[in-house]
Amino acid sequence: MNNKTPELGLSAAKHLKSAKRIVIKIGSALLVDEVTGHPRHAWLNALTDDVASLRQDGAEVILVSSGAIAVGRNRLGLTKQNLRLEEKQASAATGQILLAHAYQEALARHDTTVSQVLLTLGDTEERRRHLNARNTLTTLLRLDTVPIINENDTVATSEIRFGDNDRLAARVGAMVDADLLVLLSDIDGLYSADPKRDPNAQFLPVVSEITPEIDAMAGEALPGYSSGGMITKISAAKIAVGAGCNMIIANGHQLNPLKNILDGNRATVFEASVEPKTARKRYIAGSLKPLGTVTVDAGALKALQNGKSLLPAGVIAVDGDFQRGDAVDVKSPEGREVARGLAAYSNHDARKIIGLKSSEIEERLGYLGREELIHRDDLVLS
């Protein structure tokens with residue numbers, strides 16, 4: 001079968017070309033040589049060439065990388081087939097440094113700064129940790145770096161056992177309002193059955209809805225370093241499209257895997273029905289229980305209606321018991337609910353800065369926090 005026909009790769013190429021914020025997940029089987037246990041430097045250089053090209057075209061890129069355990073176990077001489085949990089954690093601790101250095105060298109060829117971020121699924125699910133991670137990642141992107149996210153395998157024992165970097169990458173995509181998640185794997189997309197076992201399996205270039213039939217197409221991972229499988233990829237797709245983020249599954253084994261997608265090679269696209277910010281605001285409006293109330297003056301209300309953030313200067317009252325990252329209702333001077341958003345401060349600190357200009361916050365609190373009490377990206381008008 002021709003691997004480069006419009007109906008097989010055109011949709012994926014279109015989505016990758018138009019995306020402005022992209023999360024790319026790299027599997028262990030691509031990055032690490034299974035025989036030697038060393039990073040595949042030629043492959044990594046070609047990947048980072050692709051990343052540099054995307055950035056030159058105006059896209060922001062985050063990489064979520066597997067491979068720390070696979071590289072670290074080789075350096076530590078742990079060559080037996082099955083490792084104990086503490087041996088996997090020791091391998092991860094060693095491999096994370098080696099992988100970060102490999103990425104740094106590869107991207108330095110393009111004068112690109114690399115930043116390492118260690119995350120677990122818990123960091124993406126617990127509100128305050130989620131907000132901290134989101135702010136860090138968006139700041140790194142604003143400072144023109146490429147964040148390299150490794151799963152924090154030294155502490156995330158359940159992730160080690162189940163190999164969930166696909167789902168972690170999807171959580172990252174949702175966290176940063178990414179347009180696109182690309183899962184580079186050892187398979188070029190979704191099939192009606194496992195093509196390595198069933199030669200009659202049919203390829204699906206586009207998935208517009210994840211139905212029970214799509215779920216049933218997932219198969220288990222084959223033996224080797226890669227611990228994920230199509231099951232985890234479909235789970236990742238559910239998270240991504242639910243957050244308004246399109247997702248591509250593509251074969252990454254060849255050099256320049258992102259360029260191959262742009263060239264129209266076979267890949268599957270899971271298409272989201274909403275935009276990332278729309279999905280995020282739906283979540284804030286409908287899925288979070290407000291734990292407090294912020295009342296604003298007439299000037300602040302007008303600013304909110306014009307799409308601005310809520311600044312402390314426009315707040316006249318704070319009620320309730322909430323922490324940074326919790327949902328709060330915003331009320332007009334007459335007590336009418338006008339918005340809902342995520343607070344950048346706890347209720348205690350918010351009360352201290354009522355009516356202050358942004359330049360006065362640090363002196364009052366003793367630390368430099370956000371200028372906004374609720375950022376416009378975290379605010380939904382009623």
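## Ser115 and its surroundings

Ser115 has a relative accessible area of 13%, and because the cut-off for a buried residue is under 20%, Ser115 counts as buried. The model is a predicted one. Ser115 belongs to strand S3, which spans 113-119 and is one of the edge strands of an open sheet of eight strands.

Beyond its neighbours within four places in sequence, Ser115 makes contact with Leu140, Thr145, Val146, Pro147 and Ile148. Of these, Pro147 in S4 is the residue that stands opposite Ser115. Gln104 lies 11 residues from Ser115 along the chain, and the C-alpha atoms of the two are 8.5 Å apart.

## The eight-stranded sheet

The strand order of this open sheet is S3-S4-S2-S1-S5-S9-S10-S8, and the pairing is mixed. Its edge strands, S3 (113-119) and S8 (206-207), each pair on one side only.

From the S3 edge inward, S3 and S4 are joined in the parallel sense by seven bridges. S4 (residues 145-151) then pairs with S2 (residues 60-65), again in the parallel sense, over three bridges. Within the pairing of S2 and S4, Leu63 stands opposite Ile148, and Ser65 has Asn150 as its bridge partner.

Further along the order, S1 and S5 are parallel and share five bridges, with Val23 opposite Leu181 in S5. S5 also runs parallel to S9, to which six bridges join it; here Leu180 stands opposite Asn246.

## Burial of S4 and S5

In a regular strand, side chains alternate between the two faces of the sheet. For S4, one set consists of Thr145, Pro147, Ile149 and Glu151, while Val146, Ile148 and Asn150 point the other way. Every residue in both sets is buried, which gives seven of seven for the strand. The buried set includes Glu151 and Asn150.

S5 is likewise mostly covered, with six of its six residues buried. Leu180, Val182 and Leu184 are on one side of S5, and Leu181, Leu183 and Ser185 are on the other. Both faces of S5 are covered.

## Helices associated with the sheet

Helix H3 (residues 41-56) lies across S1 (21-26), S2, S4 and S5 (180-185). The direction of H3 makes an angle of about 170° with that of S1. Helix H11 (residues 230-242) lies across S5, S9 (246-251) and S10 (267-270), and runs at about 155° to S9. S5 is thus crossed by H3 and also by H11.

Helix H4 covers residues 68-75, and six of its eight residues are buried, so the helix is largely enclosed by the rest of the structure. The buried positions are Ala68, Ile69, Ala70, Val71, Gly72 and Arg73. Just after H4, Gly77 adopts a positive phi of about 75°.

## The five-stranded sheet

Another open sheet contains five strands in the order S12-S11-S13-S14-S15, with mixed pairing. Its edge strands are S12 (315-320) and S15 (379-381), each of which pairs on one side only. On average, neighbouring strands in this sheet are turned by 20° against each other, direction ignored.

At the S15 edge, S14 (residues 337-342) and S15 pair in the antiparallel sense over three bridges. The bridge partner of Gly341 in S15 is Leu379. Helix H13 (residues 276-287) packs on this sheet and touches both S14 and S15, with its direction at about 110° to that of S14.

## Internal cavities

Rolling a probe the size of a water molecule over the atoms shows where empty space is left. In this model there are two cavities of 30 Å³ or more. The second largest cavity holds about 40 Å³ of space.

The lining of the second largest cavity is made up of Leu131, Asn135, Arg324, Leu342, Ala343, Ala344, Arg370, His375 and Asp378. By class, four of these residues are nonpolar, two are polar and three are charged. One of the lining residues, Leu342, falls within S14 (residues 337-342) of the five-stranded sheet.

Notes
Residues numbered from 1 in each chain as written. Predicted model: local features only at pLDDT ≥ 70, side-chain atom pairs only at ≥ 80, totals over all residues. Heavy atoms only, no water. Pairing = 2+ DSSP bridges. Helix = DSSP H or I, 4+ residues; strand = E, 2+ residues; numbered from the N terminus. Contact = heavy atoms within 4.5 Å. Axes fitted to C-alpha atoms, helices over the stretch in contact; angles between N-to-C directions. Buried < 20%, exposed > 50% of the residue type's maximum accessible area, 1.4 Å probe, protein only. 1 Å grid on protein atoms, 1.4 Å probe; cavity = no way out; pocket = protein on both sides within 12 Å on 5 of 7 lines; lining within 4 Å. Points joined across faces, edges and corners; volume = space filled by probe spheres on them. Nonpolar A, V, L, I, M, F, W, Y, C, P; charged D, E, K, R; others polar.
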